[in-house]
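Please look through the structure below before reading on. The paragraphs after it go from the whole chain to its aromatic rings and then to one pocket.

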Amino acid sequence: MVAKGLPDTGVAATGPAIAEAFFAAFRHHPAGVAIIAADAGEGPVALTVSSLISISATPPMVAFSLSASSSSAKAIERAASVVIHFVRRPDMQLARLCATSGKDRFGAGVRWARLDSGEPYYPQVALWFRAEIRDRLETPSACLVTAELTSVSPGEHATAQAEALVYSNRAWHALGPVVDTVSAPVLLWPDDSATF
C-alpha cells in the first residue's frame with residue numbers, strides 16, 4: 001500500500017516475486033562465455049561460466065562466480081591460479097563439454113596441455129589468460145572470485161564480431177550487428193540448447 005500523497009514507485013512484493021523476477025531478468029540478460037581451467041593439486045578441472053566480468057584495467061582484474069554445488073567449481077576455488085579462455089563460436093563444442101555435468105573435460109580426444117607454470121589449458125582457444133586468484137567472497141550458494149591477469153596467449157587477438165558467442169535464455173547465440181540503433185533490434189541467432 002502506498003502512503004497517501006506519495007507516488008506509486010512500482011516496487012514489487014518481497015519473497016517469491018523477487019526470485020521469479022530475478023530468474024526472468026537474468027534468463028534474458030546475454031552474457032559472454034568463458035572456460036575456467038585449473039589444477040589445485042588434485043588433477044585438472046574446467047567449467048564453463050557466463051559470469052566473467054572485468055573489474056579493473058590497471059592492474060588487469062576480472063571476477064567470476066562459482067556455484068557451491070559444483071565439484072569442479074570447488075576445485076577451482078582452491079587453486080592459486082587459473083586459465084581463463086574467452087570462448088568464441090568455433091569453440092562452442094568445447095564450451096558445451098565443460099558445461100555438461102559428469103563429462104571428462106580432459107579425457108581421450110580432448111586437446112589440452114599445461115602451461116610451463118602447470119595450469120591446464122585448451123590451446124585451440126585463440127584467446128586465454130593465465131590469472132592468479134586474489135580474493136574469494138563466500139555466499140550461501142556461490143563463491144565470487146577475483147583474479148589478476150598475469151599473461152596472455154600468443155598470437156593475434158582481434159576477433160570478428162561474427163565469432164562472438166553469448167548465452168541467453170538457456171541457449172547459445174552468435175551476435176549480429178545493429179545497423180540502426182534507433183529502430184532495429186539486436187539480432188541473436190539461437191544455435192543450440194544447453195544449460196550451465
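**From the chain to a pocket**

The chain has 3 helices and 13 strands. The model is predicted. It is useful to begin with totals. The chain has 196 residues, and 36% of them count as buried. The surface that the chain exposes comes to about 11500 Å², with 58% of this area supplied by carbon and sulfur atoms. Contacts can also be sorted by how far apart the two residues lie in the sequence. Among contacts with a separation of 6 or more, 56% are between residues 24 or more positions apart.

Next come the aromatic rings. A pair of aromatic rings is described by the distance of the centres and the angle of the planes. How many aromatic pairs does a search of the whole structure find? The search finds 5. One of them joins Phe 86 and Phe 129: the ring centres are 5.7 Å apart and the planes meet at 70°, so this pair is edge-to-face, since planes over 60 degrees apart count as such. Phe 86 belongs to strand β6 (residues 81-86) and Phe 129 to strand β9 (residues 128-138). With their positions 43 residues apart, the pair links distant parts of the chain.

Are these two residues buried or partly exposed? The cut-off for buried is under 20% relative accessible area. Phe 129 has 18% and is therefore buried, whereas Phe 86 has 25% and so counts as partly exposed.

Another pair is made by Phe 106 and Trp 112. Their ring centres are 4.9 Å apart and their planes stand at 75°, so this pair is edge-to-face too. Phe 106 counts as buried because its relative accessibility is 12%. Trp 112, at 30%, counts as partly exposed. Both residues belong to one aromatic cluster, which they form with Tyr 122.

The last stop is empty space. Rolling a probe the size of a water molecule over the atoms shows where empty space is left. The second largest pocket holds about 220 Å³ of space. Which residues are closest to its centre? Of the 16 residues that line this pocket, they are Gly 32, Val 33, Leu 52, Phe 86 and Arg 88. Phe 86 has thus appeared twice: in an edge-to-face pair with Phe 129 and in the lining of this pocket. The elements β1 (31-32), β4 (53-57) and β11 (165-168) each give two or more residues to the lining. By residue type, the lining of the second largest pocket has 13 nonpolar, 2 polar and 1 charged.

Definitions and conventions. Residues numbered from 1 in each chain as written. Predicted model: local features only at pLDDT ≥ 70, side-chain atom pairs only at ≥ 80, totals over all residues. Heavy atoms only, no water. Phe/Tyr/Trp six-rings, centres within 6.5 Å; stacked < 30°, edge-to-face > 60°. Helix = DSSP H or I, 4+ residues; strand = E, 2+ residues; numbered from the N terminus. Buried < 20%, exposed > 50% of the residue type's maximum accessible area, 1.4 Å probe, protein only. Contact = heavy atoms within 4.5 Å. Areas by Shrake-Rupley, 256 points an atom, 1.4 Å probe, with all protein chains shown as cover. 1 Å grid on protein atoms, 1.4 Å probe; cavity = no way out; pocket = protein on both sides within 12 Å on 5 of 7 lines; lining within 4 Å. Points joined across faces, edges and corners; volume = space filled by probe spheres on them. Nonpolar A, V, L, I, M, F, W, Y, C, P; charged D, E, K, R; others polar.
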